[in-house]
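Thanks for coming. I have one structure to go through today, and I will keep to what can be computed from the atoms.

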Amino acid sequence: EESVWDCQAALALAILHSCERQLAAGQVVASIFALLSVASHGLSPEDLRALRGCLPGGNVAEQGVEERVLQMAMPLLRVGRGPSGIAFFLEGDFAVRACRVFCKDIVAEARRSVVRHLLDLVPRPQSVEFAIEAVADTLEAAHRGEVEGMADLWEEFSFSPQVLRHFEARPDELIKRWRRVRGGCRRVGEHFAREAPAFDGGALLAGRLLSIAGEFAAARQLLETAVAEARGLAAHRQESEEEVARIALLAETRVAQAMNEVRYWDSRRDWRSVEALRLLLDSTEEAVVLARRVVVSGSSSSMAARAGHALLARALGRRANCCFKAGCVCEPGSQLQTDYFDESDRCVSEAVDIMDGANALILGEVVLVGGVTTLCRAHSFLRRDLFRQSHRAALSAVVQFYHSEAILRLAVGPTNEKSIFTFGNLADMLWQDFREFFLSLLHKRQSCIIAGRVFGFEHANAQKISQELQHYLRAQGWLDMEAVVGAGRPDLLDPAALARRFADMDVPLSGIFATRIAEELRQMSASPTIAPRVRGAFWPTLWADLGMPESLV
């Protein structure tokens, strides 16, 4: 085994050689940079041997270099435990400073080689996962520090198939990394719009990622490519199980396409006709048909059967969303509007039955969509002066939104994309339908906070919600509070300060409908279906998150 002293000397010697010989590009620099980058997660003795071996002349030290090596080595490394035993960790920001030296003059032609080394050089297979995370950290830090030549290198890394696949199950983490670099999401979108990822499922994966990132146009283009590819595969008749898998892939792709359209329209809220929703209508209709075929195929595997039912539930959820959107722009009370709202409710009901009471994200989503459909019915009644029916439907929607939030918190916690809309819809209802202005602002504030945490405040959907909250505050003349929200810090909008503003205006914190809403929530909490989900900490935690004054609780 190599001694700690020898390992420190080996790494320092590699750095010294590369600096003294002014190696500006090529495999040597790429190899050294790769190993330096993963050192935040630890270098094994084997890593260090590989590092030495990549140098010209192996590990032969020049005459008189040892003293300088040892002097340089001591502040660089500390010894600790890595995934496979003893490991050596770089201290401080050395890896970033190394980037400044190693990557300053790398020419464009060498960048792909550098990225390949960043991902493939580490000799231990179990190190690859650590390498991607650590290299990403290093590249981001160097890019933020405006290290010369790092922007293009960061892009090459972000576009690589290994990185996309590595973060496939954790898309939010990759997108957060994109956002931490100025203009990162836009640049990734522009790249993939020009050149889709060249691996199986690459267009679908990149389209999903860009949709979450708010790059809807680029995502739409990639998902259209993915649909065409999946349709081509599904057209080839194969053995039974393989054919079902191809149909499932096409259904998944259409579901992803529909989700991108949902996010796009939610960021705008300006569709004026059913025809404007054509892509959403077509994609959801086919997704449901295909998902039903997958379920009917009756896979012998219980896991595959559950996956097929979950796929159908997602497709139904997207279809329900599409139908309430279409119904909203139909003539109030018309047969077409009724048909769309009824189809939305049928999709929600079927998806709820499929999930069979499980506390899952898709269940929370479809209950949320059911609430929006009910709210749309309430507004249709209102536009026809059917006030009693409108009021009753609006109260039902309140229950559905809080029920959805309870499911979402049990399934994925309080910070998730769908909770943006449980709070957002409740805020709009409390303001417009019930005139409960203070409660509305608390819910809109919470929606804005979650949107920033989930999407980042530069995201189109987060911007839309922030603008709505700013509009409410500006209308009251509270420009200081508007500025806080506009700066991307709705969490600093103090609920107690809001309450004082209402008191200064001699406006009560609760209006005439607060008691009726509270009664609905009490009945909701006693429902056999809902009670298990709201029992215990749900209500106290929810009120605390909102900053609800004790007098209103």
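What share of the 553 residues in the protein chain is buried? The figure is 54%. Keep in mind throughout that this is a predicted model.

Some totals to begin with. The protein chain has 27 helices and two strands. Its accessible surface comes to about 24600 Å², and carbon and sulfur atoms hold 52% of that area. Then the contacts: taking those with a separation of 6 or more, 70% are between residues 24 or more positions apart.

Next, the nonpolar cores. The largest nonpolar core has 87 residues. Which of its members touch the most others? They are Tyr402, Leu498 and Trp539. For tyrosine 402, I set aside the neighbours within four places in sequence, and the contacts are then Leu426, His443, Leu521, Met524, Phe538, Trp539, Leu542 and Trp543. So that list includes Trp539, one of the three residues just named, and I mention it because a core is defined through side-chain atoms within 4.5 Å. Another core lies apart from the largest one and has 26 residues; Leu164, Ile175, Ile212 and Ala219 are among them.

On to the aromatic residues. How many aromatic pairs does the structure hold? There are twelve. One of them is formed by tryptophan 431 and tyrosine 472, and it is stacked, with 4.3 Å from centre to centre and 10° between the planes. This pair joins distant parts of the chain, since tryptophan 431 sits in helix α20, residues 417–432, and tyrosine 472 in helix α22, residues 460–475, with the two positions 41 residues apart. Both tryptophan 431 and tyrosine 472 are buried.

There is also an aromatic cluster, made up of Phe216, Tyr264, Trp265 and Trp271. One ring of that cluster, the ring of tyrosine 264, has a charged neighbour: arginine 220 lies over the face of tyrosine 264, at 4.8 Å from the ring centre.

Staying with arginines, take arginine 318, in helix α16, residues 302–328. Is arginine 318 buried or exposed? It counts as buried, because its relative accessibility is 9% and the cut-off is under 20%. Apart from neighbours within four places in sequence, arginine 318 is in contact with Val255, Ala258, Met259, Thr284, Ile362 and Glu365.

Two further arginines come up for their backbone angles. As background, most residues other than glycine have a negative phi. Arginine 269 has a positive phi of about 55°. Its place is in the loop between α14, residues 240–268, and α15, residues 278–296. Arginine 269 counts as partly exposed, because its relative accessibility is 32%. Arginine 435 also has a positive phi, near 60°. Where does arginine 435 lie? It is in the loop between α20 and α21, the latter being residues 437–455. With a relative accessible area of 47%, arginine 435 is partly exposed.

Now the cysteines. How many disulfides does the count come to? Zero. Cysteine 322 is in no disulfide, because its nearest cysteine sulfur, that of cysteine 323, is 5.1 Å away, whereas the rule asks for sulfur atoms within 2.5 Å. Cysteine 322 is buried, with a relative accessible area of 0%. Cysteine 376 counts as buried too, at 11% relative accessibility.

Two helix residues to finish. Leucine 290 lies in helix α15 and counts as buried, at 6% relative accessibility. Which residues does leucine 290 touch, not counting those up to four places away in sequence? They are Ile247, Leu250 and Ala251. For leucine 290 and leucine 250, the separation is 40 residues in sequence and 7.7 Å in space, C-alpha to C-alpha.

The other residue is threonine 225, in helix α13, residues 216–234. Threonine 225 is partly exposed, because its relative accessible area is 32%. Threonine 225 and glycine 202 are 23 residues apart in sequence, and their C-alpha atoms are 10.0 Å apart in space.

That is the list. I can take questions now.

Key:
Residues numbered from 1 in each chain as written. Predicted model: local features only at pLDDT ≥ 70, side-chain atom pairs only at ≥ 80, totals over all residues. Heavy atoms only, no water. Helix = DSSP H or I, 4+ residues; strand = E, 2+ residues; numbered from the N terminus. Buried < 20%, exposed > 50% of the residue type's maximum accessible area, 1.4 Å probe, protein only. Contact = heavy atoms within 4.5 Å. Areas by Shrake-Rupley, 256 points an atom, 1.4 Å probe, with all protein chains shown as cover. Phe/Tyr/Trp six-rings, centres within 6.5 Å; stacked < 30°, edge-to-face > 60°. Lys NZ or Arg CZ within 6 Å of the ring centre and 35° of its normal.
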